[in-house]
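Colleague: Could you walk me through how to read a few features of a model like this one? I would like the general idea each time, and then the case at hand.

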Amino acid sequence: MSLNKKLLAGTIAGLLISTTASAVSLGNDDAREYAREMTKPVAITDPADTIEVAIGYNFSPSEVRYARLECSSSITIENPVVASSDPALVDVGAVNGAGTPALFFSLTADAALAVPTDVVEIQLDADNTLESNDDVNCSFSLYDQPSQAQAGGATGRIYTTGPLPFITSVPSFEFEATPGQAIADVEAVDGAYTDFLSGGVFGEIFFDLVANEPFKADGTLITMADLFDADTNITIEGDFSAAADVEFTGFRNWGPADSVTDDAANFIVGSNWQIDSIEYIPNLADQILESTYTATLDAVANAGYTIADVGPLDAGEIIRNGTQLQAPLAQLPANWLSRVVITNTGALDRPYEISVFGETGNTISTNAANMTGSVPAGGTKVVDLETVLTGFTGAPRATINLTVAGPNNQIQGLYQIVNPASGSISNHVMVRPGTN
């Protein structure tokens, strides 16, 4: 990794400190950012894998101190090479601690030197292994005794700086959904709900590298092709029962989905990226149903990377500008009349469609010819449910869903059950899903 970090020394009471090292500082250097998705542990082969530490301590002639360069446990330092920037002033002894996050070694001043005039830096070059995604921070300390430098901590410590940032692991990419809304139009030319009031785009997907992409282990910048296998896909889930296709449309233009079912559209995207809109293409035959949609990134990582799936994220919704009514419990007991009454106060005839469902295990037969019709302008339509519900494998009851291709404020619905023999009548205003 091209890294040249400087842990600059701080002022120590009673010691002479170089004026260029009067405070703890990283200069203009920030922690080196690596791709979080790299499978750990990973060996960092970035060629400038170097830490530079300004000693900042003025040695007496022939003085010996013992140094400890210690980093977080999320790194292992292998094959360390520690050198002095000016061996004629301060020399480095044998380096101990290889294979751990901490090194300790002696520092010996020149025998004839009383007060160094320059800041001497200790330079570390090593083969580093990142053990996890935890941040790596490092500190530098001087001690009286070698055993104290080996142990670390406060005992015998005469100088320290840090811990300061060295390495961080950050996400390489973003997968985001921006939810929108599309309206299935009750006044569509090709039939109610076969088209959209303002286009079939109901949301957007953003799949791209982060603004400042991090580095790979070799010190080059990460790419989407490094991260993602060709089988990476995005799944949009929701109601597509009336869709001819689903498309990502935009500058990148992924195009049509690779597969579409009644409840999901799948796009194999590999490492392709872009901001793209999700567009519902209607089949112009079936009514588009209201639905919410989610987006999930099904990530397939290349070797050397570990990437979790992302989502499901809110990706938008389709609403309808007509009327939906429901009778939660419609019954057809023997010798009773069961019916739905629809009123239309508008100036246009309004088509309707009935759908039914029931309890688990109760298979309900229907007469398709009586599942649709029209409510006259300024009029009423009565639908006898015995002409709609023609058979049950369980109890003679069902939930009635009524969709009317008319403005919500012009349409009302009533469920009624009547006993002709006794004259008893029960009326129930049909509920409007989501509002009752």
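Modeller: Happily; we will take a sheet, a loop residue and some backbone geometry in turn, keeping in mind that this is a predicted model.

Colleague: Let us begin with the sheet: in what order do the four strands of the open sheet come?

Modeller: Look at which strand pairs with which. Here the order is S28-S24-S31-S32, with antiparallel pairing. Strands S28 (379–384) and S32 (424–429) are at the edges with a single partner strand each, so one side of each has no neighbour in the sheet. From one strand to the next, the twist averages 20 degrees.

Colleague: How many bridges join S24 to S28?

Modeller: Six bridges link S24 (residues 337–344) with S28. As an example, Arg-339 has Asp-384 in S28 as its bridge partner.

Colleague: Now the loop residue: is Asn-362 buried or exposed?

Modeller: Buried means under 20% relative accessible area. Asn-362 has 10%, so it counts as buried. It sits in the loop between strands S25 (350–357) and S26 (364–366). The side chain of Asn-362 reaches the backbone oxygen of Ala-395 at 2.9 Å, and its contacts beyond four places in sequence include Phe-392 and Arg-397.

Colleague: And where is the peptide bond cis, with omega about 0 degrees?

Modeller: Check omega along the backbone. The bond joining Lys-40 and Pro-41 is cis, and Pro-41 is in the loop between strands S2 (32–35) and S3 (42–44). Another cis bond runs from Gly-311 to Pro-312, with omega near 5 degrees; Pro-312 lies in strand S22 (residues 310–320).

Note on methods. Residues numbered from 1 in each chain as written. Predicted model: local features only at pLDDT ≥ 70, side-chain atom pairs only at ≥ 80, totals over all residues. Heavy atoms only, no water. Pairing = 2+ DSSP bridges. Helix = DSSP H or I, 4+ residues; strand = E, 2+ residues; numbered from the N terminus. Axes fitted to C-alpha atoms, helices over the stretch in contact; angles between N-to-C directions. Buried < 20%, exposed > 50% of the residue type's maximum accessible area, 1.4 Å probe, protein only. Polar contact = N/O pair within 3.5 Å; in protein donor to acceptor, adjacent residues only side chain to side chain. Contact = heavy atoms within 4.5 Å.
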